[in-house]
Amino acid sequence: MKPEPFPIVESLNDSVCDPIKSLIAEGIFERTETNNGLSSYLYFNQNALTYSLQDNNQTLTLSHSFTSGKNKHRQQYGGGKNQPLPKACGLDKHPSWTIFDATAGIGRDAYVLASLGAKVTLCEQHPVLYALLVDALSRAELHEEANSVVQRMRMIHGNSSNVMNNMSETNSKRPDVVYLDPMYPGRKKSAKIKKDMQILQQLVGHDSQDDILFETAFSTALSRVVVKRPKTATPITSRKPSYNVSSENTRYDVYVR
Ligand SMILES: C[S@@+](CC[C@H](N)C(=O)[O-])C[C@H]1O[C@@H](n2cnc3c(N)ncnc32)[C@H](O)[C@@H]1O
């Protein structure tokens, strides 16, 4: 059964980018003029698409920008190709490798990889997260420094397992690296989790098909699969990682093919 269209509150001044217009045309989103009676919806706040969720007595909001705040800082001062993520993806030795980010979320990790020169295809299945991501990318395109980074990022809306399976059927070029950062159920109750992760979890929940995703990724990647895990979590699969790269709270399990 097709899910109910998700409301997007829009006025004449709001700039809706083309991928979101397509979601409206497909009936995944539905335009509305007011948020009256809605507990969960998308709207534009100072030109940025924003998700709003009424949770008990508080309103949680999530929007995204690649050109301000933490993302900009991480790109500028993050430590280049020797940061754990790019290193795990092999960019320190293979700067021109292509990467398929199969769990794009709002694209923070992919942006770091693209800012170091990698060509990244991002796939996100949740329409709200996909919309926040394409909106942030379309604003970043107008930004002098960010534009060249964004040109290396290509977005797909859909289930990554299907997209990867189709690569062999359509003879599409397979990526050198598949990167996975699935939701981790243990994060849910931690008091320490950041606000945007909290909203992400409310929205997406835990992905229960991690094993299928991993096996598809492993048969798709030409060189390696990299899986992001909380530092003390068990690996995503019974396969033994070839090695791992760790940072303060995170571990990247690397599965070399
Ligand atoms: C923890 S978040 C990823 C955060 C991301 N690394 C970032 O930097 O913003 C996991 C995301 O993967 C998406 N996801 C999980 N399984 C997927 C699949 N099979 N296809 C596409 N997206 C998937 C979820 O919807 C969720 O947005």
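**View 1. The whole protein, with nine helices and twelve strands.** Helices (H or I, at least four residues) and strands (E, at least two) are DSSP runs, numbered from the N terminus. The radius of gyration, taken over C-alpha atoms, is 18 Å, close to the 18 Å that the globule rule (2.2 Å times the number of residues to the power 0.38) gives for 257 residues, so the protein is as compact as a globular protein of that length. This is a predicted model: local features need pLDDT of at least 70, side-chain atom pairs count only at pLDDT 80 or more, and totals for chains, interfaces and linings use all residues. Residues are numbered from 1 along each chain as its sequence is written.

**View 2. An open sheet of five strands, in the order S2-S1-S3-S4-S5.** The pairing here is mixed; two strands pair if DSSP finds at least two bridges between them. Strands S2 (29–32) and S5 (58–63) stand at the edges with a single partner strand each, so one side of each has no neighbour in the sheet.

**View 3. Strands S1 and S2, side by side.** Strand S1 (residues 6–9) runs parallel to S2, and four bridges join them. Look for Ile-8, whose bridge partner in S2 is Arg-31.

**View 4. Helices H5 and H8, packed on the sheet.** Helix H5 (residues 127–140) touches S1, S2, S3 (40–45), S4 (48–55) and S5. Its direction makes about 150° with that of S4. Helix H8 (residues 195–204) touches S4 and S5, and its direction makes about 75° with that of S4. Contact means C-beta atoms, placed from the backbone, within 7 Å. Axes are lines fitted to C-alpha atoms, for helices over the stretch in contact, and angles run from 0 to 180 degrees between N-to-C directions.

Definitions and conventions
Contact = placed C-beta atoms within 7 Å.
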